[in-house]
Amino acid sequence: MSKFVGIIGYPIRHSISPVFQQAALDYHSMNATYQAWEVEPQSLPEFINGLRSPDTLGINVTVPHKEAVMSHLDRIDEWAATAGAVNTVVNEGGKLVGHNTDGSGFLRALEDHGHFSPEGRSVLIMGAGGSAKAVALALARRGAARITIANRTLRRAQGLAELIGEHGPRVEAIPLAPSEDAFVRAATACNLLVNCTTIGMKHGSDEKRSPIPAQLIPSGALVYDLVYNPPETPLLLEAARSGAATLGGLPMLVYQGAASFEFWTGKSAPVEVMLKAAKAALP
Ligand SMILES: NC(=O)c1ccc[n+]([C@@H]2O[C@H](COP(=O)([O-])OP(=O)(O)OC[C@H]3O[C@@H](n4cnc5c(N)ncnc54)[C@H](OP(=O)(O)O)[C@@H]3O)[C@@H](O)[C@H]2O)c1
């Protein structure tokens, strides 16, 4: 029997997951198709219930369904429950199990492509939305010594700092304001700077802007932009001007997808094949 797997979101047309996930299924000669399904919020319960069918392996979940999907599942793993969001659902014989692979994908790209170990280091995270939460949790659990969360909406940064503080590191919440002293101090002292905002994203309202200027980026830091389209974001160009090392968002995208693939299929994900397909799919 031919199997189905796919991604749900609203909208979903810009996703490149179908390209690199299909490449992985084909690599293993699996009789399975990866699709993109645009699901409106009011249709979510019915859609999720349909995933219990034996021909469905599971799905990836993206904006705006990552939190809403949780109440329709039979079980949620510890990581997804702590992150408060699910990006992968697995159909285990009619029971739906939720996982979150964003944190592990972020760390694997950081360590394998950024050659950076977070243990004992100082991190500045820009943003406090869904991806910032997964990133902050992953860094806290991996032993980062200090995590500063800078966000446009300070209240959100404070909420995230409270959650992360329970996991060990010293944490601080500050406004995302490069002209303010607290931001300058955090930026110039960090070893790792991560952009978890949508600033610099193609087709976004801040497409041409970097969240931080080159003069505030330490030359010895690693600058990691979760934005993967365009591959060279305004932030990464500023980082290169300051002499810092850089890492774009594409390896994370592929590694979080590779972890999902392994949950659905039980097979080892061909990450090099997936990365090549993902690079080719970017406009
Ligand atoms: N590479 C990957 O695998 C991967 C995975 C996940 C996400 N991402 C990328 O990461 C980015 C964030 O995704 P998300 O899911 O975390 O989004 P989200 O939950 O919607 O959060 C968006 C964040 O961006 C901030 N922001 C938006 N516009 C801003 C502006 N004009 N000035 C300052 N801050 C602004 C928001 O601040 P407020 O709280 O003030 O609104 C919030 O902190 C997206 O570009 C996404 O494509 C990449």
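1. Let me start with a pair of helices: α1 and α9 are oblique to each other. The reason is the angle of about 45° at which helix α1 (residues 17–27) and α9 pack, since angles under 35 degrees would count as roughly parallel and 65 to 115 as roughly perpendicular. Their axes are 10 Å apart, and the crossing of the two helices is right-handed. Please keep in mind as you read on that this is a predicted model.

2. Now to the ligand, which may interest you most at the bench. Around the ligand there are 23 residues, and those that come nearest are Ser131, Asn151, Thr153, Arg156 and Asp206. By type, the shell divides into ten nonpolar, nine polar and four charged residues.

3. Some polar contacts are worth a look on your screen. The side chain of Thr153 has an N or O atom 2.5 Å from an oxygen atom of the ligand. For Asp206, an N or O atom of the side chain is 2.6 Å from a nitrogen atom of the ligand. Thr198 also takes part, with a polar side-chain atom that lies 3.4 Å from a ligand nitrogen.

4. How much of the ligand's accessible area does the protein cover? On its own the ligand has 930 Å² of accessible area, and the protein covers 80% of this.

5. Which elements give two or more residues to the shell around the ligand? They are α5 (130–141) and α9 (250–265). That brings us back to the opening point, as α9 is also the helix that packs with α1.

Technical notes. Residues are numbered from 1 along each chain as its sequence is written. This is a predicted model: local features need pLDDT of at least 70, side-chain atom pairs count only at pLDDT 80 or more; totals for chains, interfaces and linings use all residues. Side-chain values use heavy atoms; hydrogens and water are left out. A residue is near a molecule or strand if one of its heavy atoms lies within 4 Å of it. A polar contact is a pair of N or O atoms within 3.5 Å; within protein, one must be able to donate a hydrogen and the other to accept it, and residues adjacent in sequence count only if both atoms are side-chain atoms. Accessible areas come from the Shrake-Rupley method with a 1.4 Å probe; for residues, only the protein chains shown count as cover. Helices (H or I, at least four residues) and strands (E, at least two) are DSSP runs, numbered from the N terminus. Ala, Val, Leu, Ile, Met, Phe, Trp, Tyr, Cys and Pro count as nonpolar, Asp, Glu, Lys and Arg as charged, and the others, Gly among them, as polar. Axes are lines fitted to C-alpha atoms, for helices over the stretch in contact, and angles run from 0 to 180 degrees between N-to-C directions. Angles under 35 degrees count as roughly parallel, over 145 as roughly antiparallel, 65 to 115 as roughly perpendicular and the rest as oblique. A crossing is left-handed if the near helix is turned anticlockwise from the far one by less than a right angle, and right-handed if clockwise.
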